[in-house]
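Biologist: I'd like to walk through this one with you, step by step. Can we start with the strands and then look at the rings?

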Amino acid sequence: MTVEYVASSKLPTPWGVFQMVGFEDLETGKEHVALVYGEPSGDAPVLARVHSECLTGDSLFSLRCDCGFQLQEALKRISEAGEGVLLYLRQEGRGIGLLNKIKAYHLQDGGADTVEANEQLGFEADMRDYTMCQPMLDHIGIKQVRLMTNNPRKVKALEKYGVTVAERVPLQVGKNRHNEEYLATKMGKLGHMMTEHHFKDDE
């Protein structure tokens, strides 16, 4: 995979001023960004989040998932730590795209869970690609990460593509009555490591 650095700029947020670093995947044409706080570099593990785009959760305040809550909590924790990075990857709906995600939501409205809906549309449960992460982190100068995720598959995928994950840091936020079954499916069918008493800001 060829990932090319394009440009960077300051990005003021409610949690502090991040450096937004833009990359282009020359094979797919997709554009990804790294949000960098402080000056992480060197050999020490850096607090990090690899976040796949979720328009509905990140921007439209959907309560059907925990994505928007995780995005905000990750940026907050990185700011509190004084340094870190969030890779924002443009692969909506676990890689199936926005319109297919809406189709999957329609099937979920009819009773299917998130995995069943993807499979009924002819997709795998998770179609995401993480090959771009290592070159993005390498450009920033990060060699090891303390990865904020509940998904052990993500840890294995990143390590497969050359990212050293020194630690998995749980990121449990945003549970509410609209996403209880979604979270249960994540745990039961996708192997996400979550426990009831670790959820933050339950509604």
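Biologist: How many bridges join strand 1 to strand 2?

Modeller: Keep in mind that this is a predicted model. Strand 1 and strand 2 run antiparallel, and they form a hairpin with two residues between them. Down there, threonine 13 stands opposite glycine 16 in strand 2. As for the bridges joining strand 1 to strand 2, the count is ten.

Biologist: And which residue in strand 3 stands opposite phenylalanine 23?

Modeller: Strand 2 and strand 3 also pair in the antiparallel sense, over six bridges. They make a hairpin with five residues between them, and glycine 29 in that turn has a positive phi of about 80°. Opposite phenylalanine 23 stands histidine 32.

Biologist: Now the rings: is the pair of tyrosine 5 and phenylalanine 23 stacked, tilted or edge-to-face?

Modeller: The structure holds two aromatic pairs. In the pair of tyrosine 5 and phenylalanine 23, the ring centres are 6.2 Å apart and the planes are at 70°. Planes over 60 degrees apart count as edge-to-face, so this pair is edge-to-face.

Biologist: Is phenylalanine 23 buried or exposed?

Modeller: Its partner, tyrosine 5, is partly exposed, at a relative accessible area of 36%. For phenylalanine 23 that value is 3%. Buried means under 20%, so phenylalanine 23 is buried.

Biologist: How many residues apart in sequence are the parts that phenylalanine 18 and tyrosine 37 tie together?

Modeller: That pair is tilted, with 5.0 Å centre to centre and 55° between the planes. Phenylalanine 18 lies in strand 2 and tyrosine 37 in strand 3, so the parts they tie together are apart in sequence by 19 residues.

Terms used:
Residues numbered from 1 in each chain as written. Predicted model: local features only at pLDDT ≥ 70, side-chain atom pairs only at ≥ 80, totals over all residues. Heavy atoms only, no water. Phe/Tyr/Trp six-rings, centres within 6.5 Å; stacked < 30°, edge-to-face > 60°. Buried < 20%, exposed > 50% of the residue type's maximum accessible area, 1.4 Å probe, protein only. Helix = DSSP H or I, 4+ residues; strand = E, 2+ residues; numbered from the N terminus. Pairing = 2+ DSSP bridges.
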